[in-house]
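Visitor: I am new to this structure and would like a close look at a single part of it. Could you pick one helix and walk me through its surroundings?

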Amino acid sequence: ASQSADELKDLGNKAFGEKDYDKAIELYSKAIELNPKNHVFFSNRSASYGGKLEWKLAADDAKECIRLDPSFVKGYYRLATAQIEMEEWDSATATIKQGLNVDNHNPQLMKQLQQLKKKKNSSKRQQQQQQQQQQQQQYKPSQVSTRGMDASVSRELQDLQQQYVQTRREYQTVQANILHAQKEIRSNQITQSELDKLDGSMESKIYRGIGKMFVLSNQEEVKEHLTSAIETGEKREKDLTQKMDYLERRLKSQEQNMEELAKTRPSASE
């Protein structure tokens, strides 16, 4: 006997739960062929595409889900998730606000809006860091020659060059620490997002890593730990970014000092 659309959806849910996203997509697609007006099928297939990181397809299905049922809040969540991953910040903000117009106090959307703001700010900081790094690579203190300089001026310039190299080394270390902090934050956010997909009523076995050990915990304990870890990571990222900004200003100041000192080189006699 042929399977009904709902039976195919249930099989798709099972495949999704097992992270077999290709199978889930195949089953949801068959369900859609039988009933193309069911918004839930598109929502579920959108989540499956998201599992494969195919965000454009995830967004397309989420949009169709919303079109079929504008009152289905999860459709807005699905669409915003895809838009955030594609770094379409303004579109994601608009989608979340549309969802909140349907359900003013939806905790999932409110949390997503907060995460969106943090990711947007983090993306801007990364772009600034790349620009700063490119600017730093354009200047090399070794390009300034001490030939023909007064001995005292030459020593002063060499001291400045050594200070510049030390500052730049410190700058690069801080930059690497920021990238590491951002990676940890992102990892915890992904874990948190996956945990939110679990049914809180289910007795799911969840292990939390503590050092080299794994301890069996319940969902609330793990969520609290992840929230704390994300907040700690974001504070560390903020502190490191402030330090990097300070070092960036110091590097520019040292560059200017070396350039000014190089100009004191006596001109050749006529």
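Guide: Here is a walk around helix α2 and the helices that follow it.

A word on the model comes before the tour. This is a predicted model, in which local features need pLDDT of at least 70 and side-chain atom pairs count only at pLDDT 80 or more, while totals for chains, interfaces and linings use all residues. Residues are numbered from 1 along each chain as its sequence is written, and side-chain values use heavy atoms, with hydrogens and water left out.

Let us set the scene with the whole chain. The chain holds nine helices and two strands; helices (H or I, at least four residues) and strands (E, at least two) are DSSP runs, numbered from the N terminus. Along the sequence they follow the pattern α-α-α-α-α-α-α-α-β-β-α. Of the 270 residues, 38% count as buried; buried means under 20% relative accessible area, exposed over 50%, and partly exposed in between, with a 1.4 Å probe and protein chains only. Among contacts in the chain with a separation of 6 or more, 63% come from residues 24 or more positions apart, where contact means heavy atoms within 4.5 Å.

Now to our chosen part. Helix α2 covers residues 21–34, which makes 14 residues. From its first C-alpha to its last, α2 reaches 20 Å, close to the 20 Å expected at 1.5 Å a residue; the expected span is 1.5 Å times one less than the number of residues. The buried residues in α2 are Y21, A24, I25, L27, Y28, S29, A31 and I32. What covers them includes α1 (5–17) and α3 (39–51).

Just before α2, the loop between α1 and α2 contains K19. K19 has a positive phi of about 65° although it is not a glycine. As background, most residues other than glycine have a negative phi.

At the start of α2, Y21 forms an aromatic pair with F16. A search of the whole structure finds one such pair. The F16 and Y21 rings sit 5.5 Å centre to centre, with 65° between the planes, which makes the pair edge-to-face. For this purpose, rings of Phe, Tyr and Trp (its six-membered ring) pair if their centres lie within 6.5 Å; planes under 30 degrees apart count as stacked, over 60 as edge-to-face and the rest as tilted. Y21 is buried because its relative accessible area is 13%, whereas F16, with 21%, is partly exposed.

Next comes the partner helix. Two packed helices are described by the angle between their axes and the distance between the axes. α2 and α3 pack at an angle of about 160°, with their axes 9 Å apart; axes are lines fitted to C-alpha atoms, for helices over the stretch in contact, and angles run from 0 to 180 degrees between N-to-C directions. The two helices are therefore roughly antiparallel, since angles under 35 degrees count as roughly parallel, over 145 as roughly antiparallel, 65 to 115 as roughly perpendicular and the rest as oblique. Their crossing is left-handed, meaning that the near helix is turned anticlockwise from the far one by less than a right angle, while clockwise would be right-handed. On the α2 side, the residues that meet α3 are Y21, A24, I25, Y28, S29, A31 and I32. On the α3 side, they are F41, F42, N44, R45, S48, Y49 and G51.

Within α3 we also find A47, which counts as buried because its relative accessibility is 9%. Leaving aside neighbours within four places in sequence, A47 is in contact with F16 and R78. F16 is thus a name we have already met, as the ring paired with Y21. The C-alpha atoms of A47 and A62 are 8.6 Å apart, with their positions 15 residues apart along the chain.

After α3, L53 is found in the loop leading to α4. Phi of L53 is near 65°, a positive value in a residue other than glycine. L53 is exposed because its relative accessible area is 61%.

Finally, α3 packs against helix α4 (residues 55–68) at an angle of about 165°, with axes 8 Å apart. That makes α3 roughly antiparallel to α4, and the crossing of this pair is left-handed. Here H39, F42, S43, R45, S46, Y49 and G50 in α3 meet W55, L57, A58, D61, A62, E64, C65 and L68 in α4.
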